[in-house]
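Let's take a walk through a protein assembly together. Keep the picture open while you read, and look up each place as we get there.

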Amino acid sequence: MGYVAVKGGREAIDKASDFFRYNQTRGESEPLDVEQIQNQLYFLVDRIMSEGSLYAPKLAALALKQSAGDSLEASFMLRAYRTTLPRLGYSLPVDTSQMRIIRRISAAFKDIPGGQILGPTPDYTLRLLNFDLISEGTNAHREYIASLFQGITQIDTLPETFPKVIDILRRENLLVERNVNESESSKIFDITRESLSFPASRSASLQTMSMGETGGLLTLAYSNMRGYGMVHPTVGELRVGYLDVYVKNPYTGLAERTGEIKVTEAEVISKAENRQGDSPVFTLGYGICFGHNETKAIAMAVLDRAMQAEEPQSPSEDQEFVLQHIDGIESMGFCNHYKLPHYVTFQSELDRLRKAQEKA
Amino acid sequence: MKLGKWLQQQDIDTSCHYTFAFIDEGAKREIRRKTLKAIAIPGYQVPFGSRDMPIARGWGTGGIQLTLSLIGPDEILKVIDQGSDDSVNAVNIKAFISQVTGVRLTTKVQEATLIQTRHRIPEEPLRKGQILVLQVPIPEPLRIVEPSERETRRMHAEADYSRMWLHLYENIVAYKEIMIGSRYPVFVNDRYIMDPSPIPRWDNPQLHMSEGLYLFGAGREKRIYAIPPYTDVKSIEFRDYVFRVEDFGEATCCRCGSKNTFLNEMIDDRSGKRIYSCSDTAYCSNLLDQKREGYKP
Amino acid sequence: MIRPVLKIKGLSKRHGRGCPSCYNLTGPQHDRNICPQCQSVVACHNITFELFPKEVLGIVGESGSGKSTVIKLLNFDLEPDEGELYVNHSNSEVENRIGLPLEGQNLFTLNSFRKRLLRNFMIGVVYQHPHLGLRLNVSSGGNIAERLLMADWRHVGDMRERSAELLAKTEVPVSRMDEPPRNFSGGMQQRVQIAKALSNEPMLLLLDEVTSGLDVSVQARVLDLIRSLQHELHVTTIVVSHDLGVIKMLTSRTIVMKNGHIVESGLTDQVLEDPQHPYSQLLVSSALT
């Protein structure tokens, strides 16, 4: 349902595109190096990969350069590029407890098996503008890294893997049991090949959110957190790290490792009341996305749980409302399409209004 | 040192780009006035023009604005999060406040004149003259029954709290237990139902007839409220389903052995062995010190 | 001489912009509620009547007559444009809380806080549509408890006992006390509403077309229930209906309304057997016997 073609005066359009490129290129600054964007604006690059639904950091950085930093445009470009690639197959399901962790925290318990690993995060910085960054020398990065590691003689290693915090709750029957529907798990919906129908399966819902626009997901999840909903979340576990990607070798039938992707995963415990037999239990919301994007993973997990409500009382709980409006490419396209000429339809409206005014 | 002298010193020292305590003086005045109004109407949520802070919304900006508006150079500040002086949020906030005020920091409740806290009240009761500033994520106790702000303000104005009571009744019908864990609503001065912020129920009784002043700041939601000293504060309850604090059974703190403090539950290893320790780390250290002194000949 | 327990004088309600001609250009003589000048709807105008203790007063009329508006105004659901309301009743609980004696006050001039208190303690209402009077997702016992909670009851056991008593009285199975009325039949939902309305022993009970949405057989049962409750409890009641059969069965005195005005009033038997106003005559003759 993505919005695509435009018609108009050929020359005018060409000139408009040139003008845009001119805006980007004028001034005294050097052309941006794609690698600089990839390394130094990595949160934005991760966001573009996630919304573009294509794990390709370099291409995402390129798209950002080309779009002059318009994140919706950049994600759009990645999606378009994706269409040019043949679909070779599906990767095998991966167990995220095997994640190679760079960050792993839980808000539910003060200490957890394996420990609270803060990892790389700006969460605890003060948002005070650092004016020193305006004029950094060319060696600034090298010098900084050198100073960080100065005098360090020993580096401890992290454990290979970390157990899942929510398993603690599961063991004590405080969390709802996994409900693996045999027939459902063998058929995972592919939203890029089939259009959504409602009620949508959980796999369809999670996919749609995983490539959804961060701001849209955040707005809806925030509404639920503030009171237009019942999730009352606690972050059971938030992980950022690398997952191996395996595909099945069509000849040997064996799983082959093709590489790894960085992901952010959130498991959110919900207080929303639920029962297992006679006992009340906590329930779970799940979120995961490409790259390092904690806001998105948490928002996604909250919405995942919200949409499990039996009777939606608010937009965040209404599956149709959420899933149909969170794709950034679709929403941005449709919003901006209103700038296209609509004078024919408008003429029609004018005719109606004039007649109705005559009769009044 | 007087504020005036401190300000004078700042003029000489040109590397400091910010006013004392970061917030401009006009903003401080507004916040103080709103705080006075809150104190005059215990439990009532006073709207205020919440300023943007360099710390994210949801991370204590309301508490910070209160602290920064009240703090003078001679204050002694303690900051805790979940009861601990070392918790990430506390460390972060302490760093910021000390950077923009230069005030002395402490971990001892007895020494502090101003204490900012997230989600706990120190076990040691407040003394006369002490102020506790609590960080509030959601100031509205009626939010669990009504999402509309317009409607909840009307409910407070008319003391129309039946829907809150009905929510508790329905909990009892379904679970034979009131299911509100923390943020347990209190009835203040026989007039307003108030959200005490996400402190455990364990801490609610401290609000009643305290010698110290409790201030509550919600930065994102833009509300200030207060419990002045010697105010009547009752956790809401039915006569046959009374208010109950958290039950730790036979557990004791693994550090100091206390049975009378709010405990953190931690899972020690993969087998799920549980250990407990005092949430209020300063209080725990104090008890431990006292114990050790007791063994000296 | 028995004094009236309730007096309404000059009650008027209009929806819309309003203009000086509204009241002159609408009413039964013009056969319309809508002012031709400004399109405002005059829901009711200059309604004056008295209500005596323990009496059941009927208000009959067709849609647009204004009868439901009168109920909404008496229940403080709507604000009148003009009018006075007096009660000859004292209730020390209420008077202490609102800080005023009830007698001699035009109750329409009280602020919303005081009106709410008055309503919680003294008035019970049953609406035609259960969703207007009940919270369909809250247990039926909870619906009744809500009224008790408004009157400051704070003992769960006591509230459940009182709810069970009322449900039994209104022939709702007490075993269903913890179920939400969403799952009940229309007749049972109305009975829960009645139980809720009676929970605080109101001084005034308002019944607004309570059986109009129900199947005929179910209607009869609910009407019987209302009648027997009336015999037992003697609550001063106003019954609003477009159905003369309901009026005849339940009420001793009747007011006939058309286009927002009272056109006739008198003893129910007399109004039904010997109607004076042409509109009343039309109503009576049209009724299926």
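Start where chains B and C meet: 13 residues of chain B are in contact with 16 residues of chain C. On chain B's side of that meeting place you'll find 7 nonpolar, 1 polar and 5 charged residues. Bear in mind as we go that this is a predicted model.

Now look at the other side of chain B. Here 14 of its residues are in contact with 15 residues of chain A. Chain A's side of this contact breaks down into 10 nonpolar, 1 polar and 4 charged residues. Which chains share the most contacts? Of the 2 pairs of chains in contact, that's B and C. Chains A and C, on the other hand, do not touch, and their nearest C-alpha atoms sit 11 Å apart.

Let's stay with chain B for a moment. Its secondary structure adds up to 7 helices and 12 strands. If you lay the C-alpha trace along its principal axes, chain B spans about 65 × 60 × 40 Å. A compact globule of 297 residues would have a radius of gyration near 19 Å, so the 20 Å of chain B agrees with that. Buried residues make up 43% of the chain. And if you take the contacts in chain B with a separation of 6 or more, 62% of them link residues 24 or more positions apart.

One spot in chain B deserves a closer look. B:His119 lies in the loop between strand 4 (114–118) and strand 5 (131–135) of chain B. Its phi is positive, about 70°, although B:His119 is not a glycine. Is B:His119 buried or exposed? It has 22 other C-beta atoms within 10 Å, and 20 or more are enough, so B:His119 counts as buried.

Over in chain C, find the open sheet of 3 strands, which has the order 2-1-4 and antiparallel pairing. Strand 2 (41–51) and strand 4 (82–87) are the edge strands, each pairing on one side only. From one strand to the next, the twist averages 15°. Strand 1 (residues 6–15) and strand 2 of chain C run antiparallel and are joined by 7 bridges. For an example of a bridge pair, take C:Lys13, whose partner in strand 2 is C:Cys44.

Follow C:Cys44 a step further and you meet C:Val70. Leaving aside neighbours within four places in sequence, C:Val70 is in contact with C:Leu11, C:Cys44, C:Ile47 and C:Ile59.

What about the inside? In soluble globular proteins, nonpolar side chains tend to be buried together. The largest nonpolar core here has 81 residues, and C:Val70 and C:Ile59 are among those that touch the most other members. Helix 8 (residues 186–198) of chain C gives the most to this core, with 6 residues. Apart from it lies another core, of 59 residues, including B:Leu66, B:Leu213, B:Leu215 and B:Ala226.

Two loops are left to visit. In chain C, C:Phe76 is found between helix 2 (67–74) and strand 4. Phi of C:Phe76 is near 60°, a positive value in a residue other than glycine. C:Phe76 counts as buried because it has 20 C-beta neighbours inside 10 Å. In chain A, go to the loop between helix 8 (182–186) and helix 9 (202–210), where A:Pro199 lies. The peptide bond from A:Phe198 to A:Pro199 is cis, with omega near 0°.

Note on methods. Residues are numbered from 1 along each chain as its sequence is written. Chains are lettered from A and ligands numbered from 1 in the order in which they are written. This is a predicted model: local features need pLDDT of at least 70, side-chain atom pairs count only at pLDDT 80 or more; totals for chains, interfaces and linings use all residues. Two residues are in contact if their C-beta atoms, placed from the backbone, lie within 7 Å. Ala, Val, Leu, Ile, Met, Phe, Trp, Tyr, Cys and Pro count as nonpolar, Asp, Glu, Lys and Arg as charged, and the others, Gly among them, as polar. Two strands pair if DSSP finds at least two bridges between them. Helices (H or I, at least four residues) and strands (E, at least two) are DSSP runs, numbered from the N terminus. Axes are lines fitted to C-alpha atoms, for helices over the stretch in contact, and angles run from 0 to 180 degrees between N-to-C directions. The radius of gyration is taken over C-alpha atoms; the globule rule is 2.2 Å times the number of residues to the power 0.38. A residue is buried if 20 or more other C-beta atoms lie within 10 Å of its own, exposed if 12 or fewer, and partly exposed in between; C-beta atoms are placed from the backbone. A nonpolar core is a set of buried Ala, Val, Leu, Ile, Met, Phe, Trp, Tyr and Cys residues joined through C-beta atoms within 7 Å.
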